[in-house]
Structure formats: structure tokens, C-alpha cells
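Reader: I would like to work through this model by question and answer, taking the packing of its side chains and then of its helices. Could you begin with the terms we shall need?

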Amino acid sequence: HAQQFMEYQAQRGGTLELLPIQKPTIGKIELPITAMERALEQEHELYTHLQEMNRLAEEAGDAHLSDFLVDFLKHQLEDISHKTEMATVLRRVGDGVGLHMYDQEIL
């Protein structure tokens with residue numbers, strides 16, 4: 001997605017400044033459910049940022065940008081739904097054999 005945003009910005013005549021990506025502050029993740037919940041949080045954060053960008057585009061009357069963002073918003077909702085389902089299954093199966101079986105299923 002980042003590549004698409006960079007290309008879109010270039011098409012619109014914008015400039016791009018790439019900044020270093022900071023290491024996450026979260027420590028070692030021991031359980032799969034912890035990793036999935038963190039991934040789900042990040043998907044929600046991204047969706048919130050995309051919504052804000054879309055709101056600003058609409059306020060500025062930039063229909064082209066708003067239209068561009070709609071696909072990303074739709075994709076984010078699909079990702080959130082998928083990760084929510086996975087987190088639910090991980091909570092249900094717990095550790096042990098159930099987790100191993102689920103791991104084999106999603107491969």
C-alpha cells in the first residue's frame with residue numbers, strides 16, 4: 001500500500017520524504033493470540049488514519065483523493081474482519097493441540 005500512496009503522491013505533483021521507521025516498543029511476544037491482537041490493533045489504527053485522511057479530503061473538496069482512499073478503507077475493513085476471526089479462533093483453541101491444528105489449517 002505504501003508504494004501505491006507514493007505513486008499517487010507523485011502523480012499529483014507532490015514530494016516525498018521518507019523517514020526512518022522506529023522499532024516497535026512492544027517486547028517479545030510469547031503467544032500467537034498476543035501477536036494477532038497487536039496486528040488487529042494496528043489494522044484499527046490504520047483504518048482510523050485513513051478515515052481521517054478521507055474526512056480531510058472531503059472537507060477540502062478533493063474528490064479524487066477521497067475516491068482513491070475508498071479502496072483502502074474497504075480493504076482495511078476486510079483485513080480487520082479477517083484478523084478478528086483469526087483472533088476469535090485463537091482464543092477458542094488455546095495452547096496445545098488445538099493451536100497446532102489451527103496452525104496447520106491456515107498454512
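Author: A residue is called buried when its relative accessible area is under 20%, exposed when it is over 50%, and partly exposed in between. Please keep in mind throughout that this is a predicted model.

Reader: By that definition, is Phe 72 buried or exposed?

Author: The relative accessibility of Phe 72 is 7%, and the cut-off for a buried residue is under 20%. The value falls in that class, so Phe 72 counts as buried.

Reader: Which class does Phe 5 fall into?

Author: Phe 5 has a relative accessibility of 23%. Since the intermediate class lies between 20% and 50%, Phe 5 counts as partly exposed.

Reader: How many aromatic pairs are there in the whole structure, and of what kind is the one between Phe 5 and Phe 72?

Author: A search of the whole structure finds four aromatic pairs. In the pair of Phe 5 and Phe 72, the ring centres are 4.6 Å apart and the planes make an angle of 35°. Because planes under 30 degrees apart count as stacked and those over 60 as edge-to-face, with the rest tilted, this pair is tilted.

Reader: Which parts of the chain does the pair of Phe 5 and Phe 72 tie together?

Author: Phe 5 belongs to helix α1, residues 2–11, while Phe 72 belongs to helix α3. The two parts that the pair ties together are therefore 67 residues apart in sequence, and they lie in α1 and α3.

Reader: What kind of pair do Tyr 8 and Phe 68 form, and where do the two residues lie?

Author: Tyr 8 lies in helix α1 and Phe 68 in helix α3, so this pair ties together parts that are 60 residues apart in sequence. Both Tyr 8 and Phe 68 are buried. Their ring centres are 4.0 Å apart with the planes at 10°, so the pair is stacked.

Reader: Which residues do ring pairs link into a cluster?

Author: The pair of Phe 5 and Phe 72 is tilted, and that of Tyr 8 and Phe 68 is stacked. Ring pairs link these residues into a cluster, whose members are Phe 5, Tyr 8, Phe 68 and Phe 72.

Reader: Turning to the nonpolar residues, which helix supplies the largest share of the largest core?

Author: The largest nonpolar core has eleven residues, among them Tyr 8, Leu 40, Tyr 47, Leu 65, Phe 68, Phe 72 and Ile 80. At least two of its residues come from each of α2 (32–59) and α3 (63–93). The largest share, six residues, comes from α3.

Reader: Beyond its neighbours within four places in sequence, which residues does Leu 65 contact?

Author: Leu 65 is one of the residues of the largest nonpolar core, and so are Tyr 8 and Ala 57. Once its neighbours within four places in sequence are left aside, Leu 65 is in contact with Tyr 8, Arg 12 and Ala 57.

Reader: How are α2 and α3 oriented to each other?

Author: The axes of α2 and α3 come within 9 Å and cross at roughly 160°, and α2 passes α3 in a left-handed crossing. Angles over 145 degrees count as roughly antiparallel. The relation of α2 and α3 is therefore roughly antiparallel.

Reader: Which residues make the contact between α1 and α3?

Author: The axes of α1 and α3 come within 12 Å and cross at roughly 170°, which makes α1 roughly antiparallel to α3. The contact is made by Gln 4, Phe 5 and Tyr 8 of α1 and by His 64, Leu 65, Phe 68, Leu 69 and Phe 72 of α3.

Reader: Which residues of α4 meet α3?

Author: α3 and helix α4, residues 97–106, pack at an angle of about 150° with their axes 8 Å apart, and are therefore roughly antiparallel. α3 passes α4 in a right-handed crossing. Met 86, Val 89, Leu 90 and Val 93 in α3 meet four residues in α4, namely Gly 98, Leu 99, Tyr 102 and Ile 106.

Reader: What separation do the C-alpha atoms of Ala 87 and Met 36 have?

Author: Ala 87 is found in helix α3 and, at 1% relative accessibility, counts as buried. Leaving aside its neighbours within four places in sequence, Ala 87 is in contact with Ile 33 and Met 36. Ala 87 and Met 36 are 51 residues apart along the chain, and their C-alpha atoms are separated by 5.9 Å.

Terms used: Residues numbered from 1 in each chain as written. Predicted model: local features only at pLDDT ≥ 70, side-chain atom pairs only at ≥ 80, totals over all residues. Heavy atoms only, no water. Core = buried A, V, L, I, M, F, W, Y, C linked by side-chain atoms within 4.5 Å. Buried < 20%, exposed > 50% of the residue type's maximum accessible area, 1.4 Å probe, protein only. Contact = heavy atoms within 4.5 Å. Phe/Tyr/Trp six-rings, centres within 6.5 Å; stacked < 30°, edge-to-face > 60°. Axes fitted to C-alpha atoms, helices over the stretch in contact; angles between N-to-C directions. Parallel < 35°, antiparallel > 145°, perpendicular 65-115°, else oblique. Left-handed = near helix turned anticlockwise from the far one by under 90°.
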